[in-house]
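I opened this one up to practise reading a fold, one piece at a time. These are my notes, in the order I looked things up.

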Amino acid sequence: MKKNNWIAAGALALAFVVPSALAAVSVQEADKLKSTLTPLGGERAGNGSDIPPWRGGLSLPPVGYSKAGQPHIDPFSNDKPLFVITAANMAQYSEYLTEGQKGLFRTYPSTFAMPVYPTRRTAAAPDWVYENTYKNAIRAELTKDGNGLQYAYGGIPFPIAKNGLEAIWNHIARWRGVYLVRRAAEIAVQTDGSFSPVLVQQEIEFNYYRQDKSIEDLNNILFYYLSYTRAPARLAGGAVLVHEPLNQVQQPRQAWGYNAGQRRVRLAPNLAYDTPIAAADGLRYADDTDIFNGAPDRYNWKLLGKKEIFIPYNNYQLSSDKVKYKDLIKPGHLNPEYTRYEKHRVWVVEATLKDGVRHAYGKRVFYLDEDTWGIAVADLYDQTGELWRVSMAYIKTYYELPVTWSTMEAYHDLQSKRYYVQGMDNEEGSTIDYSQEPPGERYFTPAELRRRGKR
């Protein structure tokens, strides 16, 4: 009998829609984060074959890396693929693929491929994030309706998640650094492979991870986000500012937009849910960013359990400054020659649209990396239940901090056969710069939005 890929972890018992109890776990259960579980809640042990134990991750830069923000050196440049999955042999690996990945093989049978490499559990975070995560395990709670986070600070809020809402909040509030500056390209790719990059600069301060603050000092802010467009000329100068709350019942997301042509800052109350992002050519909605973000209130959430699948991981070659955009961008999908997939355990979270509310996606299935709680793959369904889109985060570890996050995300529309890539910095001369001091909340204001957005 074929082995079932679902890991026995009480999957059915975990299929809660709304948490029936909001209390955190006991001290005895939290102590597992110091023994059988990693400090962020993954399993320390391997699977006995192709997933190794977690031994602390990749927390030091390789020899030759000396400056924060410089393009990363690939610490695994000598690795070779174990095998390559194609449309011709995908049935052999079916239990380790998501429905969205299978959809990519069916849509692009002659070109899409997944090179599978040895699994390296590189996920790492600073010790103080681990310490805060342990504290959160004991104290963090969701608000009564699950749409807000409380009594959490500076770490994964629910490292021993009991339901789908806790798991998705782990993704929303996961460790991504304290303050970052990034210059990158966002590219909508047409069916013939043609594209025109939109160049942006993003600055994000994760208020929730400010070490000089406490729970009481957060002022209900998870992060501040400022982005402005550098090119092309028709879009240059446009800018967006977001104040993202921890408790979205107490205070909904605040957003402002700056129109360079009108030289005006305006509130953007609709920059959420399935509002289309203008630069994405209809291929990404507001809550698709980072694979999922924002308020979870329009969906019922189920934690289906844990599974082993192939996900993008350690994608240093994909983000190399030696590779040009034209080498990466191909019709239908990124060039498989530069991608890297590994077998990892993931938490599977299903979101189904609630009755009486609207969203373009009727169902979403998320696959969260067990070592970081970041969503690696999302399968997205339309209102008729048909597979419509698949999103993938191409993960790597920023070992200079350390933090494990995506180097870019790709959003595929299987029906229109177009896709959109966010976060490409191959030709920008640098990767995310984590070296600068966080400027603080006074920097992330509508006035600053107007100043930074001017052409």
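**Entry 1: a strand and its partners**

I started with strand β18, keeping in mind that the model is predicted. I counted 10 bridges between β18 and strand β19, residues 403-413, and the two run antiparallel. I picked one pair to look at: K396 has W405 as its bridge partner in β19. To get from β18 to β19, the chain makes a hairpin through four residues.

Then I checked the other partner. Strand β17, residues 375-381, is also antiparallel to β18, and five bridges join them. Here I found L380 standing opposite R389 of β18. This is a hairpin too, with five residues between β17 and β18. In that turn I noted G385, whose phi is positive, at about 90°.

How many residues of β18 are buried? I got 12 of 12, over residues 387-398, so I wrote the strand down as mostly covered.

**Entry 2: helix α4 and the cores**

Next I went to helix α4, residues 164-172. Nine of its nine residues are buried. My list of them runs G164, L165, E166, A167, I168, W169, N170, H171 and I172. At the start of the helix, I saw a side-chain oxygen of N163 reach to within 3.2 Å of the backbone nitrogen of L165.

I wondered which element gives the most to the largest nonpolar core. That core has 67 residues, and L149, Y208, W301 and F366 are the ones with the most contacts inside it. The answer is α4, which puts in five residues. I also jotted down a general point: nonpolar side chains tend to be buried together in soluble globular proteins.

I clicked on F366 to see what it touches. Leaving out residues up to four places away in sequence, its contacts include I168, I291, W301, W347 and V377. There is another core, apart from that one, with 46 residues, among them M114, A185, V189 and V348.

**Entry 3: helix α3**

I tried a length check on helix α3, residues 127-139. With 13 residues at 1.5 Å a residue, the span should be 18 Å, and the end C-alpha atoms are 19 Å apart, so the two agree. The buried residues of α3 are W128, V129, Y130, N132, T133, Y134, N136 and A137. Part of their cover comes from α1, residues 27-30. I added a reminder for myself: an α-helix has 3.6 residues a turn, so residues three or four places apart point the same way.

**Entry 4: a buried arginine**

I looked up R345, which sits in strand β15, residues 341-353. Is R345 buried or exposed? Its relative accessibility is 3%, and the cut-off for buried is under 20%, so R345 counts as buried.

What does its side chain meet in there? I found a polar contact of 2.6 Å between the side chains of R345 and E370. A polar atom of the R345 side chain also lies 2.5 Å from the backbone oxygen of A45.

**Entry 5: a residue early in the chain**

Last, I checked N5, in the segment before β1. N5 has a relative accessible area of 6%, so I filed it as buried, the cut-off being under 20%. Which residues is N5 in contact with, leaving aside its neighbours within four places in sequence? I got E95, Y96, K306, K307, E308 and I309. For a distance, I took N5 and V323: they are 318 residues apart in sequence and 36 Å apart in space, C-alpha to C-alpha.

How values were computed. Residues are numbered from 1 along each chain as its sequence is written. This is a predicted model: local features need pLDDT of at least 70, side-chain atom pairs count only at pLDDT 80 or more; totals for chains, interfaces and linings use all residues. Side-chain values use heavy atoms; hydrogens and water are left out. Buried means under 20% relative accessible area, exposed over 50%, partly exposed in between (1.4 Å probe, protein chains only). Two strands pair if DSSP finds at least two bridges between them. Contact means heavy atoms within 4.5 Å. A polar contact is a pair of N or O atoms within 3.5 Å; within protein, one must be able to donate a hydrogen and the other to accept it, and residues adjacent in sequence count only if both atoms are side-chain atoms. A nonpolar core is a set of buried Ala, Val, Leu, Ile, Met, Phe, Trp, Tyr and Cys residues joined through side-chain atoms within 4.5 Å. The expected span of a helix is 1.5 Å times one less than its number of residues.
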